[in-house]
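Me: Got a model here that I'd like to talk through before I get lost in it. Can you take my questions one at a time?

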Amino acid sequence: MAGTPSSPLQSVKDQLKAEATVSPGSPPPPPRHPGMLRLMRTVPRPIIITDLPIPQAPMRRINPMYVPLGKLDPVHKQLFNEPSSPDENAQSAYRLMKNDDGGQSYDTDPGCQNLTFLPKEEKEDMDVDFGADSSRHLEVDCETASNISYELECSPQPFPKRKPKIPKTEVKEESALFSSMMNVSSYPEVKCEQHGVADLPSGPLDVYRKKASFNWKDMLLFMEGEDVVAFKQHVFRTLENDPLFARQPGEDLPMEKMREITFLRVKQLFRYDFLPQEDLMANPWKMLTFYESLGMYDWSLVAKFFLSKGMFVSTVFNSGSKRHSKFVQNTEDMTMFGCFALTELSHGSNSRAMRTMATYDPSTQEFVINSPDFEAAKFWVGNLGKTATHAVVFAQLYTPDQVCHGLHSFVVQVRDPKTLLAMPGVMVGDMGKKLGQNGLDNGFALFHNVRIPRENMLNKTGDVTPDGRYVTPFKDPNKRFGASLGALSGGRVFTTKVATVNLKLAVTVAIRFSATRHQFGPKDTEEIPVLEYQLQQWRLIPYLAAVFALDHFSKSLFMNFAELQVGQMMKDKSERQAELGKEIHAIACSSKPLGSWTAQRGIQECREACGGHGYLAMNRLGDIRNDNDPNCTYEGDNNVLLQQTSNYLLSWFHTKRRDGVQMKSPLESVNFLEDSDQILESRFTTMTMEECMDPAVPLAAYKWLVCFLLDESQKRLDQQRASGKAEFEARNNSQVYYCCSLSIVYIEHIVLQRFHQLTSDRGTPAGLRPVLNQLCSLYGLWSLSKHMATLYQGGYFSGGKPAELVQTSILTLCSQLKEEAVALVDVIAPPDFILNSPIGKADGELYKNLWSTVMQGSKVIERPSWWKEFCSDKPLVGSLRAKL
């Protein structure tokens with residue numbers, strides 16, 4: 001009941017308090033991502049602990065290694081066996097020791113197989129205490145192990161100023177890829193004695209920068225890490241120094257020229273090879289960092305590069321087999337240029353209903369690809385308009401017995417790489433100008449009896465034998481279908497990050513503008529920055545908080561997705577792996593709508609908050625808005641995707657009600673629903689604004705919201721079914737105000753919870769914690785305020801006090817963060833060349849920069865070429881009026 005120690009709010013507070021308290025002999029906190037073991041190495045004294053600070057030595061940014069429980073490469077079969085003792089509190093001892101052959105490995109009491117570490121140096125034993133609690137926290141004490149690089153097999157870990165020795169040993173490609181996927185970035189403690197980050201130019205923004213309570217460089221290195229910051233700066237500097245990437249703010253190029261310059265820049269990226277294979281294997285996190293850096297410059301460039309080298313290659317790699325390796329290799333040097341062809345003119349979200357056909361001909365051992373009619377044309381395919389030579393085409397597979405085996409993928413050549421002319425039987429073309437991202441050539445394709453070799457079928461989920469028999473490892477066609485579209489989950493994870501980057505750019509421009517734009521004031525002779533106005537703060541600063549919350553969430557979601565991919569590569573068939581896939585699918589299907597919609601609304605607010613200057617194309621807010629808009633649609637329409645998330649939650653609810661199964665998921669996103677009955681009994685009991693600004697308050701309210709809307713959605717479905725509605729109609733009538741709202745509050749709760757875990761983490765520097773806590777509180781209360789009607793409807797709020805406290809707290813936090821806002825955007829802002837917005841430049845010389853850009857425009861003070869039309873041949877007023 002409300003007010004009791006066992007209430008949800010009190011439980012949240014107790015948990016957060018326990019996590020923030022360090023007492024002698026207390027166990028370390030659980031890893032941020034359940035189900036993962038983290039070994040963190042520090043420099044120069046490599047005492048490996050997880051989230052506890054090490055005051056005796058400055059720490060530098062490193063790349064922790066994540067190891068999923070119970071998984072290893074096919075050579076070693078298994079990494080850690082879970083403790084077999086029935087005693088839940090039992091401890092299992094693991095020892096890192098030197099093998100006879102000189103390599104270091106894990107050995108365990110339960111009989112775990114070997115795990116080789118690098119390099120092999122002095123003989124030393126290291127005791128590892130592996131707790132048997134649900135979080136399976138790993139603590140390693142290895143003060144003497146000064147030269148150990150924690151890597152699986154032979155992939156070296158790149159520590160600063162140190163090159164590990166690599167034994168000459170052959171390792172399977174899967175093993176190396178496994179080791180690379182484990183090396184995922186996180187948030188270690190950072191003490192920034194030597195930043196390596198350049199100072200920003202002095203100017204009018206210094207007034208606000210001096211008011212900040214934290215060092216923006218400390219925040220930057222904490223959120224990103226030295227390696228990532230250095231990598232971003234390298235990419236940014238390279239683009240700025242290359243004339244091919246030069247551009248003018250607001251330049252308006254013809255579409256054909258825009259397509260050409262984008263393609264030339266893509267070629268240049270291949271020449272630079274920012275991410276060689278060995279670097280990507282050592283740290284896959286850099287891939288997301290690389291795309292973010294390029295996206296800040298131009299999303300058309302990212303899309304064109306990624307669709308071939310990322311989407312096409314990853315789909316072939318993950319859905320194919322060794323026989324398809326040539327397609328991957330030929331894409332690396334642009335011998336081939338790929339695209340991903342799923343959507344058709346008449347079908348998008350309903351991918352099962354795609355109508356392109358692939359019929360097997362056993363006499364020639366070929367598939368014949370056909371488009372039944374123009375409505376089955378592949379449509380909206382990026383790169384297909386002008387440049388793609390090969391496409392992953394999704395088509396309905398027909399065997400010689402005329403049986404349709406559903407949607408499968410095939411590699412189809414659509415153009416001759418030597419001429420870029422269409423292949424026989426292929427009609428391929430460009431769709432034309434879009435609202436944004438016009439450097440990317442989206443196109444269409446129709447196929448008429450196009451023959452491809454049998455081997456061009458991507459055969460991981462199903463294959464056809466030479467004599468025409470269909471074989472598949474999946475007994476359930478639905479599971480096979482889901483596996484065949486696995487690439488889309490990664491796209492949704494990526495889109496969440498893309499939208500957040502767009503919001504970063506817009507917020508940077510708007511906050512810097514607002515801090516230097518003076519209008520009105522308490523006296524006629526005194527004008528103040530518009531950022532001092534409460535209305536401007538309320539419009540912008542919550543979106544600044546959303547940037548930090550969504551940015552941290554998108555990184556953590558990438559880590560979760562990396563774990564899922566590793567399990568897939570290791571052919572993990574465990575129940576946990578299956579549940580992890582479902583949970584990530586549900587989270588990604590709601591995080592993409594949340595991220596893209598938040599960015600969409602935030603960018604528009606930023607545009608309006610900059611007044612007329614925000615409407616100038618040269619200040620880039622229009623391009624940012626238009627480039628972000630497709631995030632709401634591709635990789636799945638937002639409103640359709642939300643139904644996937646609610647289906648996941650309702651299936652849990654149904655299973656719990658029918659079978660009494662405990663609600664527990666790998667990432668723990670549904671675990672609190674086990675206490676749904678108790679949570680629904682709770683009420684808002686906060687009495688003061690100070691209490692309301694505790695992040696535990698919105699967290700508790702969100703738990704109630706999820707429980708309430710889950711219960712209401714199930715009741716709505718039951719009501720529809722009881723009234724005689726078919727299942728399709730019952731679900732269709734239960735989306736608005738119920739299932740879709742359920743999905744939104746579910747993902748908002750996850751984002752808020754993960755952000756708060758960061759702000760309260762022991763590894764978060766004390767100097768950064770207060771402002772991060774304010775951002776977390778603001779994001780939670782601001783998001784919660786959109787659900788006031790539901791909170792009152794269900795009785796969690798009553799009377800006027802709760803709404804008043806939430807609103808007052810939001811305004812207070814906005815006012816407090818006003819002093820921090822400029823320093824916070826310094827953390828997220830790219831260099832001026834990349835931002836490409838005169839009113840958003842780091843020096844804050846708003847009017848000088850704007851005037852200078854205007855005057856540098858082409859023919860700005862010349863008369864128009866059609867000036868004679870004005871000076872002569874004046875119109876005879878009314879001469880064309882109809883005479884009826």
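**Buried parts and a small sheet**

Me: What share of the residues of the chain count as buried?
Reply: Bear in mind that this is a predicted model. A residue counts as buried when its relative accessible area is under 20%. Of the 884 residues in the chain, the share that passes is 55%.

Me: Which helix gives the most to the largest nonpolar core?
Reply: That core holds 170 residues, and Phe214, Met219, Phe548 and Tyr779 touch the most other members. Tyr779 has contacts with Ala545, Ala546, Ala549 and Leu550, among others. The top contributor, with 15 residues, spans 534-569 and is helix H13.

Me: How many residues are in the second, separate core?
Reply: In general, nonpolar side chains in soluble globular proteins tend to be buried together. Here a second, separate core includes Phe367, Ala391, Val414 and Phe447. Its residue count is 24.

Me: Which strands stand at the edges of the open sheet of three strands?
Reply: The strand order is E11-E15-E14, and the pairing is antiparallel. A strand with a single partner has one side left without a neighbour in the sheet, so the edges are E11 (378-382) and E14 (426-430). From one strand to the next, the twist averages 30 degrees.

Me: What is the bridge partner of methionine 427 in E15?
Reply: Strand E14 pairs with E15 (residues 442-447) in the antiparallel sense, over five bridges. For methionine 427, the partner in E15 is leucine 446.

Note on methods: Residues are numbered from 1 along each chain as its sequence is written. This is a predicted model: local features need pLDDT of at least 70, side-chain atom pairs count only at pLDDT 80 or more; totals for chains, interfaces and linings use all residues. Side-chain values use heavy atoms; hydrogens and water are left out. Buried means under 20% relative accessible area, exposed over 50%, partly exposed in between (1.4 Å probe, protein chains only). Two strands pair if DSSP finds at least two bridges between them. Helices (H or I, at least four residues) and strands (E, at least two) are DSSP runs, numbered from the N terminus. Axes are lines fitted to C-alpha atoms, for helices over the stretch in contact, and angles run from 0 to 180 degrees between N-to-C directions. A nonpolar core is a set of buried Ala, Val, Leu, Ile, Met, Phe, Trp, Tyr and Cys residues joined through side-chain atoms within 4.5 Å. Contact means heavy atoms within 4.5 Å. Lists of a residue's contacts leave out its neighbours within four places in sequence.
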